[in-house]
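Here are my comments on the two-chain file you wanted a second pair of eyes on. Have it open while you read.

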There are 2 protein chains.
Amino acid sequence: MLRKPYLAFLGDAPSSVTAKTALGVRQWCPDDIVGQWSLPGCGIDLDLPEMTPGQARADGAASLLIGVAPRGGKLPESWRAHLVTAVEAGLDIVSGLHDRLSDIPELAEAAARTGRALHDVRHNDRSFAIASGRKRAGKRLLTVGTDCALGKKYTALAIAQAMQKRAMLADFRATGQTGIIIAGEGIAMDTVGADFLSGAAEALTPDAADDHWDIIEGQGSLFHPAYAPVTLGLVHGSQPDAIILCHDPARAAVTGFPDYPLPSLAEAAKAYVCAARLTNPAARIVAVSLNTLELSDEAARQAASDAETELGVPCFDPLRFGIDAAIDAIAAL
Amino acid sequence: MLRKPYLAFLGDAPSSVTAKTALGVRQWCPDDIVGQWSLPGCGIDLDLPEMTPGQARADGAASLLIGVAPRGGKLPESWRAHLVTAVEAGLDIVSGLHDRLSDIPELAEAAARTGRALHDVRHNDRSFAIASGRKRAGKRLLTVGTDCALGKKYTALAIAQAMQKRAMLADFRATGQTGIIIAGEGIAMDTVGADFLSGAAEALTPDAADDHWDIIEGQGSLFHPAYAPVTLGLVHGSQPDAIILCHDPARAAVTGFPDYPLPSLAEAAKAYVCAARLTNPAARIVAVSLNTLELSDEAARQAASDAETELGVPCFDPLRFGIDAAIDAIAAL
């Protein structure tokens, strides 16, 4: 469980570096980020108030979020003293980098001395039980995809937000590092041991009220030659009542695997429903989420109309149009 | 890579404890076990020559194999001094227990001092690349099942042995602890991180001669609510040309999951072939291996005949009858 709100640390990152994580927090939970802290030479501006750790702490910040991802996920040595300063000002540190914060001796020492926490959300020291397969109370929706990186997290966040706006009981459940930083909690599924994947997905979405929805961020794809096991564990353990299939109509093959063509929507829907019905015989596709970034308005609407015809469910692009019919379909379940 | 031959350590195990691992070695590679070492009070006898570590070393033994599994996988404290004696006699130690040998200080110290190795085959410190999905040279056969613990390892060992008897090029590839101890090498798939399962299966079965067969021990089941991800990683990464479906006709549900009925052979065959064709479009079921331990001779033959009718491939019980037709089917590919 991460402590919010965050102060976003931008360091001296050049303008070419992405601040995806900090931008995600600003978009999905703007009340959870009080400001930014940039060092001389920083080329990024998130358009947030500039603050030192001390000022942010006084303004209510609880954690320093490392908001940029340097090349290779390495933490520059020159940042270490600044992180110690933040800990000494009373902030926890939240990092999604490969390097572990606790491996930095002066930072580990400062955290121990001040009682602050160091959170490496890309790593996981929790252990999980083997999945029980037991049906849990409450409703669950899982986003799945024909590939990685085409909108599963974004779709889950958009659905959860739209449901909350309609006063439905819905919580976003994070399964990757950016999602965890946005939600403040979750399980990075790719860090879980193979035997415990389905069990971790069960732990992520425990028993809940009958009319409560967990909106679960999917990972990978059943059609991915390397990552399909993570996807299957999430499908089995989350026991989804509703599945939203995410797809990019402009993409021909699995990213980085040109010999692996993407499945059709119908093939993908069949495979996901078949897998999900092992643990929830009522599982069904309720909507298609298209990533139409590469398409004109007209082509995007045509692609959505084609998808609706192919699968017989509503189709939307969370960045562009039409999420209401999907929410109606969920509400009708 | 484990060093053979083994001296089997039986400790002071009561007669109720299983010596499954040592018995497996004795059955599948009898030349790889020189004797047994039992302590006063031991109630197990493998019918092997009784030897001390020093005698076994003189007789060519390279490793002491912990041949019995005490309750809970814990290594009794009273065994520690005996393991140190074995290391000092010049033997490596091979263990399939949950407890790590290297966590026993006096044993770690003795191993470091004498240059001997401590192998915990249930643990794995290797790291693997992400799967590439690239088709590799050589042929591969994978055993899969409708459940855990119904003969996937035994079937793979029996097939590899029968192929070798026909002078076909075939190697058993181990994916679990007992298999690894028998083969002397392998990868315990359940210890691999979720993102690297398929990559580990690729590493286990690298490029080989065009007429060489890797006979790969399957794990878990696609129909298991907890372990299916491990199974899927093995199916995708091993890229099997040939699949043998293992089944126990007397079993109604997944072991330990009474609410999860086993699939029919036809359902199981369809799911495995569908999953395998992601990385090898030529994948096919070549035979069914039945575990007919619970059946009369007549019922066993009827079950085999039914399976042959249902799937149109040869059916055998490696403990009982008919492996030749399966080998013919493999040879014909």
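The numbered points below go through a predicted model, from sheet to interfaces to charged pairs.

1. Start with the sheet in chain A. Six strands make an open sheet in the order β7-β8-β6-β9-β12-β13, with parallel pairing. At the edges stand β7 (169-173) and β13 (315-316) of chain A, each with a single partner strand, so one side of each has no neighbour in the sheet. Further in, β6 (residues 139-145) and β8 (residues 212-216) of chain A run parallel and are joined by four bridges. If you want a landmark for that pairing, Leu142(A) sits opposite Ile216(A) in β8(A).

2. Now look at β8 in chain B. Which way do its side chains point, and are they buried or exposed? His212(B), Asp214(B) and Ile216(B) point one way from β8(B), Trp213(B) and Ile215(B) point the other way, and all are buried. Put as a count, five of the five residues in β8 (residues 212-216) of chain B are buried. Asp214(B) is a charged-type residue you may want to click on: it stands opposite Asp171(B). Strand β7 (residues 169-173) of chain B pairs with β8(B) in the parallel sense over five bridges. Strand β6 (residues 139-145) of chain B also runs parallel to β8(B), joined to it by four bridges, and here Lys139(B) is found opposite Trp213(B).

3. Next, the domains of chain A. The domain assignment gives domain 1 (6-120) and domain 2 (139-331). Their centres, taken over C-alpha atoms, are 30 Å apart. Eleven residues from domain 1 of chain A and nine residues from domain 2 of chain A take part in the contact. The area buried between these two domains is about 900 Å², with 64% of it from carbon and sulfur atoms. On the domain 1 side, Thr21(A), Trp28(A) and Gly96(A) lose the most area to domain 2, together 57% of what that side buries. Helix α1 (residues 20-28) of chain A gives the largest share of the domain 1 side that touches domain 2, namely six residues. What about polar pairs? The count of salt bridges between domain 1 and domain 2 of chain A is zero, while two residue pairs are in polar contact across that interface.

4. On to the chain-chain interface. How much area do chain B and chain A bury between them? The figure is about 2,300 Å², 62% of it on carbon and sulfur atoms. The contact takes 28 residues from chain B and 28 residues from chain A. In chain B, Ala194(B), Asp195(B) and Tyr260(B) lose the most area to chain A, together 24% of what that side buries. There are zero salt bridges between chain B and chain A, but four residue pairs make polar contacts across the interface. On the chain B side, α7 (197-204), α8 (228-238) and β11 (257-261) each supply at least two of the residues that touch chain A. The largest share of that side, six residues, comes from α8(B).

5. A polar side chain to check is Gln36(B), in strand β2 (residues 33-38) of chain B. Why does Gln36(B) count as buried? Its relative accessible area is 3%, and the cut-off for buried is under 20%. A polar atom of the Gln36(B) side chain lies 2.8 Å from the backbone nitrogen of Leu46(B). The side chain of Gln36(B) also makes a polar contact with the side chain of Glu50(B), at 3.2 Å. Beyond its neighbours within four places in sequence, the contacts of Gln36(B) include Leu7(B), Leu10(B), Pro49(B) and Met51(B).

6. Finally, the salt bridges. The structure holds 32 of them over all chains. Arg3(A) forms one with Asp92(A), with the closest N and O atoms 3.0 Å apart. That pair links distant parts of the chain: Arg3(A) lies in the segment before β1 (6-11) of chain A and Asp92(A) in strand β4 (residues 92-95) of chain A, 89 residues apart. Arg3(A) counts as partly exposed at 33% relative accessibility, whereas Asp92(A) counts as buried at 2%. Arg3(A), Asp92(A) and Arg116(A) are linked in a network of salt bridges.

7. Two other salt bridges are worth displaying. In chain A, the side chains of Glu88(A) and Arg113(A) meet at 3.0 Å, N to O. Glu88(A) lies in helix α3 (residues 80-88) and Arg113(A) in helix α4 (residues 105-114) of chain A, so the pair ties together parts that are 25 residues apart in sequence. In chain B, Arg116(B) forms a salt bridge with Asp92(B), the closest N and O atoms being 2.8 Å apart. Arg116(B) is in the loop between α4 (105-114) and β5 (118-120) of chain B and Asp92(B) is in strand β4 (residues 92-95) of chain B, so this pair ties together parts 24 residues apart in sequence. Arg116(B) is partly exposed at 24% relative accessibility, and Asp92(B) is buried at 2%.

Conventions. Residues are numbered from 1 along each chain as its sequence is written. Chains are lettered from A and ligands numbered from 1 in the order in which they are written. This is a predicted model: local features need pLDDT of at least 70, side-chain atom pairs count only at pLDDT 80 or more; totals for chains, interfaces and linings use all residues. Side-chain values use heavy atoms; hydrogens and water are left out. Buried means under 20% relative accessible area, exposed over 50%, partly exposed in between (1.4 Å probe, protein chains only). Two strands pair if DSSP finds at least two bridges between them. Domain bounds come from an automatic or database domain assignment. Contact means heavy atoms within 4.5 Å. Buried area is the accessible area (1.4 Å probe) that two parts lose on being put together, summed over both. A salt bridge is a side-chain nitrogen of Lys or Arg within 4 Å of a carboxyl oxygen of Asp or Glu. A polar contact is a pair of N or O atoms within 3.5 Å; within protein, one must be able to donate a hydrogen and the other to accept it, and residues adjacent in sequence count only if both atoms are side-chain atoms.
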